[in-house]
Amino acid sequence: MITCPFCFVKVAPNRVAFRCLGPSGRTVGCAPQPDGMLGAFRGGPNPPVLPPVFSVRRPGRRAVCPTCSRESAWRVCPSCHNRLPAEYCANPGKIVALVGAKHAGKSTYIAVLVHELMNRVGEELNASLVPCDDRTIERYKTDFARPLYADHKLLTFTQSSANVPRDPLVYLFTRTLGSRLRRRTASLTLVLFDTAGEDLRQREMSELHLRYLQAADAVIFLLDPLELPGAQAALHGSARERGGTLADDLMSDQMDVVVRVTELLRKRDKGRVTIPTAVALSKIDELREFMERQSALHRTREPIGALDLDDREAVDEQVRALLHQWQAGMVDRYLSQQYDDYALFGLSALGAVPEGETVARSGIRPYRVEDPLLWLLYRFKMLDGIRR
Ligand SMILES: Nc1nc2c(ncn2[C@@H]2O[C@H](COP(=O)(O)OP(=O)(O)O)[C@@H](O)[C@H]2O)c(=O)[nH]1
Ligand SMILES: [Mg+2]
Ligand SMILES: [Zn+2]
Ligand SMILES: [Zn+2]
């Protein structure tokens, strides 16, 4: 079974469909036509116009279109008509889902994480990050990279919720492992929905988001520390005056998303959640001056091409201590009750507090954005852990 990384329907290998390549040059092929199924999946008024989808009795890597007889290797999901990349069919990766409440910093995190994985971190880990379809490439450019990296605009101000597409960005993150003689590759499928938080808060979670979480092999939660009761107070120098109560914490958007998603995962795992779960405080740049200088969250991670287990433990401990200090210890207690395998992180996509609607003049200097991913890679035995 392959799980479609777009609609998360499980597809038996013999049910994979194909899209005709259509006419090109002198080669005949079926004329493009509106694809209602793909249109319905993406939402919006105009369905894309593409050559038609067909299925064959025994699908292999290629199939001959029954209408025009042209051979095609363009495999698609029979349920949503999105392209199923060849590498994904051959080697379906672990699906990593990203969730967080509105304004937790998801868009910014996606923009910066993808950029880092393609550049600095990709190099360090000897890994590639490949978009799974053309739309991911295009949307990353227009909705994420251009506004943030070229125009230095905060993403909140460039996206109105009315035109946020509901299909995810999908990437394969692939590492080459093993010795020279026994090389193999292993992949993570990063499925990045930007709207998840808002939709997850609705009483009726959408079918798509339900399947998304049901298919996930790992979850990254983004929590906005500025929304935690005690952190606000810390920022305003009155940390000790306000005691957050349990009810208070549960009411917050941040926690609401965590609880909803957890309930769903628990149902799936029939008890405690067993998949590795990274819980990351975003925007940590805002709070660094309130942390001790020598602390783990003041250090940068050294690029050693492995997970530094001592550093990992130090960060985990510090974030736990911060949560308790900010009267958000409930978050940690809740996680420890519900999850077999969770880890705490602190990161900053921007690296500095933004100025109005633009990023800080010092530019985008991401801090520990890749940490959750390194830990997940380690958990999936795709990255070594070392003690120094
Ligand atoms: N200080 C700081 N603020 C951030 C960072 N990332 C996002 N923000 C702020 O949080 C707001 C919401 O971010 P966004 O990515 O749109 O959140 P989303 O609703 O989860 O997609 C932005 O407008 C920024 O002001 C960060 O790394 N540091
Ligand atoms: Mg967003
Ligand atoms: Zn699909
Ligand atoms: Zn055809």
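**Exercise 1. By class, how many nonpolar, polar and charged residues does the lining of the largest cavity have?**

Solution.
- Start with the model: it is predicted.
- Count the cavities. There are two of 30 Å³ or more.
- Take the largest cavity. About 70 Å³ of space lies in it.
- List its lining: Arg301, Ala306, Leu307, Asp308, Asp311, Arg312, Val315, Phe345, Arg368, Asp371 and Leu374.
- Sort by class. Five residues of this lining are nonpolar, none is polar and six are charged.

**Exercise 2. Find the elements that supply at least two residues each to the lining of the largest cavity.**

Solution.
- Three elements qualify: strand 16 (307-308), helix 11 (309-325) and helix 13 (371-379).
- Now rank the shares. Helix 11 gives the largest one, three residues.
- Look at helix 13 next. Seven of its nine residues are buried, so the helix is largely enclosed by the rest of the structure.
- Name the buried residues of helix 13: Asp371, Pro372, Leu373, Leu374, Trp375, Leu376 and Leu377.
- Compare with the cavity. Asp371 and Leu374 also belong to the lining of the largest cavity.
- Step past the end of the helix. Just after helix 13, Lys381 has a positive phi of about 60 degrees.

**Exercise 3. Is strand 15 (residues 277-281) largely enclosed or not, and why?**

Solution.
- Apply the cut-off: buried means under 20% relative accessible area.
- Five of the five residues of strand 15 are buried, so the strand is largely enclosed by the rest of the structure.
- Check one side: Thr277, Val279 and Leu281 are buried.
- Check the other side: Ala278 and Ala280 are buried as well.
- Both faces of strand 15 are therefore covered, since all of these residues are buried.

**Exercise 4. Which strands pair with strand 15, and in which sense?**

Solution.
- Recall the general rule. Strands of a sheet pair through backbone hydrogen bonds, either parallel or antiparallel.
- Take strand 14 (residues 218-223). Strand 14 and strand 15 are parallel, with five bridges.
- Take strand 17 (residues 342-346). Strand 17 and strand 15 also pair in the parallel sense, over five bridges.
- Focus on Ala280. Its bridge partner in strand 14 is Leu222.
- In strand 17, Ala280 stands opposite Phe345.
- Phe345 links back to Exercise 1: this residue is in the lining of the largest cavity.

**Exercise 5. Work out the order and sense of the open sheet of three strands.**

Solution.
- Read the order: 6-3-9, with antiparallel pairing.
- Find the edges. Strand 6 (53-54) and strand 9 each pair on one side only.
- Inspect one pairing. Strand 3 (residues 17-19) and strand 6 run antiparallel and are joined by two bridges.
- Pick out a facing pair: Phe18 stands opposite Phe54 in strand 6.

**Exercise 6. Which residues coordinate the zinc ion (ligand 3)?**

Solution.
- Name the donors: Cys4 (SG), Cys7 (SG), Cys77 (SG) and Cys80 (SG), at 2.3 Å.
- Read the spacing along the chain: C-x2-C-x69-C-x2-C.
- Place Cys7 in the loop between strand 1 (2-3) and strand 2 (10-11).
- Place Cys77 in the loop between strand 9 (75-76) and helix 2 (86-90).
- These two residues are 70 residues apart, and the pair links distant parts of the chain.
- Judge the geometry. The angles among the four donor atoms are 107 to 112 degrees, and the site is tetrahedral.
- Finish with accessibility. Cys7 counts as buried because its relative accessibility is 2%.
- Cys77 counts as buried at 0%.

How values were computed. Residues are numbered from 1 along each chain as its sequence is written. Chains are lettered from A and ligands numbered from 1 in the order in which they are written. This is a predicted model: local features need pLDDT of at least 70, side-chain atom pairs count only at pLDDT 80 or more; totals for chains, interfaces and linings use all residues. Side-chain values use heavy atoms; hydrogens and water are left out. Buried means under 20% relative accessible area, exposed over 50%, partly exposed in between (1.4 Å probe, protein chains only). Helices (H or I, at least four residues) and strands (E, at least two) are DSSP runs, numbered from the N terminus. Two strands pair if DSSP finds at least two bridges between them. Donors are N, O and S atoms within 2.8 Å of the metal (3.2 Å for Na, K and Ca); water is not among the atoms, so sites may look incomplete. Four donors count as tetrahedral if all angles lie between 85 and 135 degrees; four count as square planar and six as octahedral if opposite donors are over 155 degrees apart and all others between 65 and 115; anything else is irregular. On a 1 Å grid over the protein atoms alone, a cavity is a set of points where a 1.4 Å probe fits but cannot get out, and a pocket is an open set with protein on both sides within 12 Å along at least five of seven lines; lining residues have an atom within 4 Å of a point. Grid points are joined across faces, edges and corners, and a volume is the space filled by probe spheres set on the points. Ala, Val, Leu, Ile, Met, Phe, Trp, Tyr, Cys and Pro count as nonpolar, Asp, Glu, Lys and Arg as charged, and the others, Gly among them, as polar.
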